[in-house]
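Trainee: Could you take me through one part of this model slowly? I'd like a close look at the place where the ligand sits, and then at whatever helps me see how the chain around it is laid out.

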Amino acid sequence: MTREVVIGIDFGTSCTSAGALIDGRVELLQDAGDPVVPSVVYYPDRGAPEVGRTAALRQLTDPSRVIRSIKRVIGVPAESPAVRRFAASCGFRVETGSGGVMLKLRSGDCPPEQVAASVLGRIREIAERSYGGQVRKAVITMSAQPPPQYREALLRAARIAHLDVLELVSEPIAGGLALGLHGAPADRKVLVCDFGGGTFDVSAIVQSGMKFTPVATFADPYLGGDDLDEALAEGIAGTIFRQRGYDMHRDITRWNQLVYRCEHAKRQLSTQETARVAMREAYVHGGTTHDLDVTLDRPWVWGKWAPLMERAEAVIRETIKRAGWSAIAIDMAALIGGTSLVPRVQHLVGSIVGSDRVRVSPHADVAVALGATLLTARHGATPGARLPVLDAA
Ligand SMILES: Nc1ncnc2c1ncn2[C@@H]1O[C@H](COP(=O)(O)OP(=O)(O)OP(=O)(O)O)[C@@H](O)[C@H]1O
Ligand SMILES: [Mg+2]
């Protein structure tokens with residue numbers, strides 16, 4: 001007999017991860033050995049869409065059929081700046097009207113929730129392959145402060161993906177639960193900073209043993225690792241424009257390649273002092289194409305990120321204020337989300353709460369998925385599983 005599996009999904013701006021409680025233990029789903037599936041969809045003119053790593057690689061060759069960071073426009077009003085920014089980065093037309101946002105792909109019209117459904121559907125497929133039966137139930141996380149229509153849009157997306165959503169959980173709370181369970185039970189004030197690909201969520205949580213009570217939460221829904229990548233790409237493109245008069249934004253393929261390579265450089269800079277960004281046939285000058293080969297160092301990069309760090313600081317301070325706490329009263333700042341691996345981010349949080357209070361999750365990029373998976377236990381998938389107690393926000 002096949003057992004009924006409930007999956008916990010962190011549907012992220014850049015990456016999606018999911019897991020299930022199997023015999024009371026968290027198992028993260030693996031796509032070709034990777035627990036992190038890029039939230040990227042490639043729509044060929046005919047046939048089924050590709051989702052994940054292979055779709056992400058298509059950005060380098062066929063960006064006009066690739067959709068990434070769709071979460072940024074889900075449930076967002078068509079006239080919002082987020083939609084304008086998203087449209088500017090796409091190699092296809094994005095129509096906005098009374099009916100909302102519509103992606104005009106060569107394969108046909110596509111509303112944002114359809115793209116989300118492709119990602120969620122892929123996760124369901126991986127789960128079904130892993131567990132050998134139908135998977136129809138899920139707990140899904142969402143930002144602490146989602147856009148106005150996000151919830152409904154996400155539920156629609158899940159329905160298209162044949163998933164019944166048993167619970168929607170706040171991302172930082174899920175992340176906090178994953179972290180809290182690994183530490184010794186304690187009474188403490190915890191600031192959970194979830195710096196992901198597209199949003200920066202901060203939650204003030206009081207932990208009392210296994211009980212977590214959210215006290216305040218605040219977010220910048222348009223601040224994430226994607227912006228760090230773009231800031232680097234803008235910096236490089238600005239230099240090329242000043243020196244060579246070529247605007248790299250003019251060619252969507254080149255621009256996408258540059259952003260893609262900057263994302264790699266950013267990751268390298270988490271552990272190295274310098275990182276190289278090299279790209280063939282990057283720009284045209286004097287009638288011929290030229291390759292790009294630059295080395296970025298941390299001081300230059302930190303300078304480019306300064307405005308983004310100011311925004312991140314404002315979110316942290318506002319959360320602390322809303323909680324009625326002072327920064328020195330915080331016992332632990334728990335950093336989750338892939339962008340919390342950026343040393344500049346760790347430095348920023350340390351400068352606010354004290355560097356000795358900063359804890360970066362070793363599973364920063366999957367902490368939210370771990371928390372969502374733990375919460376599936378509330379839905380009877382594995383009776384008797386050890387559960388954290390979660391107060392209502
Ligand atoms: N080692 C690393 N160093 C720097 N950045 C990293 C590293 N690993 C991942 N990232 C960045 O983390 C981001 C993805 O993080 P995460 O998976 O937590 O986001 P998400 O859940 O998709 O987004 P969101 O929570 O905003 O919806 C990407 O911008 C990625 O480039
Ligand atoms: Mg996330």
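Mentor: Sure, let's start with one contact: a backbone N or O atom of Cys 15 lies 2.7 Å from an oxygen atom of ligand 1. Keep in mind that this is a predicted model. Thr 199 also uses its backbone here, with an N or O atom 2.8 Å from an oxygen atom of ligand 1. With Lys 266 it's the side chain that reaches in, and one of its polar atoms lies 2.7 Å from an oxygen atom of the ligand. So how much of ligand 1 does the protein bury? Taken alone, ligand 1 exposes 650 Å², and the protein buries 93% of that. Now look at who stands around the ligand: 22 residues surround ligand 1, and the closest are Thr 13, Cys 15, Glu 263, Lys 266 and Ser 270.

Let's step back to the chain. It's divided into domain 1 (185–223 + 312–363) and domain 2 (225–303). Where they touch, domain 1 brings 11 residues and domain 2 brings 8. Their centres, taken over C-alpha atoms, are 31 Å apart. Put together, the two domains bury about 740 Å² between them, with 62% of it on carbon and sulfur atoms. On the domain 1 side, Gly 197, Pro 343 and Arg 344 lose the most area to domain 2, and together they make up 49% of what that side buries.

What about polar links across that interface? You'll find 5 residue pairs in polar contact between domain 1 and domain 2. The domain 1 residues that touch domain 2 split into 5 nonpolar, 5 polar and 1 charged. As for salt bridges between domain 1 and domain 2, the count is 0.

Note on methods:
Residues are numbered from 1 along each chain as its sequence is written. Chains are lettered from A and ligands numbered from 1 in the order in which they are written. This is a predicted model: local features need pLDDT of at least 70, side-chain atom pairs count only at pLDDT 80 or more; totals for chains, interfaces and linings use all residues. Side-chain values use heavy atoms; hydrogens and water are left out. Domain bounds come from an automatic or database domain assignment. Contact means heavy atoms within 4.5 Å. Buried area is the accessible area (1.4 Å probe) that two parts lose on being put together, summed over both. A salt bridge is a side-chain nitrogen of Lys or Arg within 4 Å of a carboxyl oxygen of Asp or Glu. A polar contact is a pair of N or O atoms within 3.5 Å; within protein, one must be able to donate a hydrogen and the other to accept it, and residues adjacent in sequence count only if both atoms are side-chain atoms. Ala, Val, Leu, Ile, Met, Phe, Trp, Tyr, Cys and Pro count as nonpolar, Asp, Glu, Lys and Arg as charged, and the others, Gly among them, as polar. A residue is near a molecule or strand if one of its heavy atoms lies within 4 Å of it. Accessible areas come from the Shrake-Rupley method with a 1.4 Å probe; for residues, only the protein chains shown count as cover.
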